[in-house]
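Reader: I have the sequence and the fold open on my screen. Could you walk me through a few of the sites worth a look?

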Amino acid sequence: MIELKSREDIEKLRKANKIVAEILHVIKEETKAGMTGVDLDEIARREAEKRNVKPAFLGLYGFPAALCVSINEEIVHGVPKKNRVIKEGDIVSIDFGVVYDGWYGDAAISYVVGDRISDRKKRLLEGVEKALMAGIEQCYPGKNVKDIAAAIEGTLEAYRLAPICDYGGHGIGRKPHEEPHVSNCVANAEDVVLKAGMVLAIEPMATLGRRKNFYRKLKDGWTVVSKEKALAAHFEHSVAITEEGPEILSKLD
């Protein structure tokens with residue numbers, strides 16, 4: 001069942017997601033070559049404690065960290081590691097969430113560490129972020145989850161990127177993952193009409209590889225990596241659907 005949120009509910013979700021946006025900004029600003037995913041996890045825990053919120057992912061379904069850190073060919077759900085040092089020019093994708101007053105916030109960003117960024121990496125980051133915004137632009141009452149998927153997939157393919165269709169977004173609210181599933185590809189998208197009061201976490205992810213869904217999981221049981229060792233990126237916003245259109249909740253003012 002899809003739960004429609006009231007204005008008061010959305011206000012709580014807005015506060016939760018603003019905290020997520022603030023912490024993601026801090027993590028990005030503090031990321032330096034020579035650090036590890038564990039260092040970034042410590043920053044996330046520190047900033048959550050400062051704001052008196054709980055990291056949403058810590059212990060969720062057994063996940064062992066406060067945030068997901070995916071580096072280069074790692075696509076999503078990366079477990080922070082002590083033995084993988086972040087280098088200049090690496091792509092780092094951070095997925096993070098918090099629980100605020102019983103409501104969940106969730107967002108993700110990808111960025112290059114330092115100033116060394118190739119045209120291919122620029123295309124990857126720009127394409128996935130543009131796909132996110134294209135999906136958000138479909139978030140009007142009366143549109144369909146399939147419209148979101150079509151906008152995301154079409155944008156990724158226009159940037160010559162390989163979409164990851166088996167993972168995607170979801171509803172969000174009092175639980176971190178609610179109905180509906182929000183696919184990044186039309187073929188497996190749910191036929192769900194959008195209504196005012198729905199809140200969706202939309203999260204396209206893609207690689208610079210040649211094949212859709214060409215991935216595997218590492219032995220940690222979580223980290224999803226490209227079988228082609230192709231660079232990957234992941235962006236996510238939590239979005240409220242209102243009568244006036246989409247409102248991005250997980251952004252800085």
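Reader: Which residues does the UniProt annotation "binding site" cover?

Author: Happy to start there, keeping in mind that this is a predicted model. The annotation comes from an unreviewed UniProt entry. Although its residues are spread over 131 residues of sequence, they cluster in space, with a largest C-alpha distance of 10.6 Å. The residues covered are D106, H170, E203 and E236.

Reader: Is D106 buried or exposed?

Author: D106 lies in strand β5, residues 103-112. Its relative accessible area is 4%, and buried means under 20%. Therefore D106 is buried.

Reader: With the side chain of which residue does the side chain of D106 make a polar contact?

Author: The partner lies in strand β7, residues 168-171. That residue also counts as buried, at 6% relative accessibility. The two side chains come to 3.3 Å in this polar contact, and the partner of D106 is H170.

Reader: Leaving aside neighbours within four places in sequence, which residues is H170 in contact with?

Author: The annotation takes in D106, E203 and E236 as well as H170, and D106, E203 and E236 are each in contact with H170. The rest of the list is P176, H177, E178, P180, V182, V199, L200 and A201.

Reader: What should helix α4 span, and how far apart are its end C-alpha atoms?

Author: Helix α4 has 14 residues, 145-158. At 1.5 Å a residue, these should span 20 Å. The prediction agrees, because the end C-alpha atoms are 20 Å apart.

Reader: Which elements do the buried residues of α4 pack against?

Author: The buried residues of α4 are V145, I148, A149, A151, I152, E153, T155 and L156. One helix and several strands receive them: α3 (119-136), β6 (162-163), β8 (178-183), β9 (199-202) and β10 (205-207).

Reader: At the start of α4, which residue has a side-chain oxygen that reaches the backbone nitrogen of K146?

Author: This oxygen comes to within 2.9 Å of the backbone nitrogen of K146. At the other end, just after α4, R160 takes a positive phi of about 60°. The residue supplying the oxygen at the start is N144.

Reader: Where does the largest share of the largest nonpolar core come from?

Author: This core has 28 residues, and those with the most contacts inside it are L124, V128, I148, L200 and I202. At least two residues each come from α3, α4, β9 and β14 (237-242). The largest share, six residues, comes from α3.

How values were computed:
Residues are numbered from 1 along each chain as its sequence is written. This is a predicted model: local features need pLDDT of at least 70, side-chain atom pairs count only at pLDDT 80 or more; totals for chains, interfaces and linings use all residues. Side-chain values use heavy atoms; hydrogens and water are left out. Helices (H or I, at least four residues) and strands (E, at least two) are DSSP runs, numbered from the N terminus. The expected span of a helix is 1.5 Å times one less than its number of residues. Buried means under 20% relative accessible area, exposed over 50%, partly exposed in between (1.4 Å probe, protein chains only). Contact means heavy atoms within 4.5 Å. A polar contact is a pair of N or O atoms within 3.5 Å; within protein, one must be able to donate a hydrogen and the other to accept it, and residues adjacent in sequence count only if both atoms are side-chain atoms. UniProt positions are given in the numbering used here, feature names are shortened, and annotations may be inferred rather than shown by experiment. A nonpolar core is a set of buried Ala, Val, Leu, Ile, Met, Phe, Trp, Tyr and Cys residues joined through side-chain atoms within 4.5 Å.
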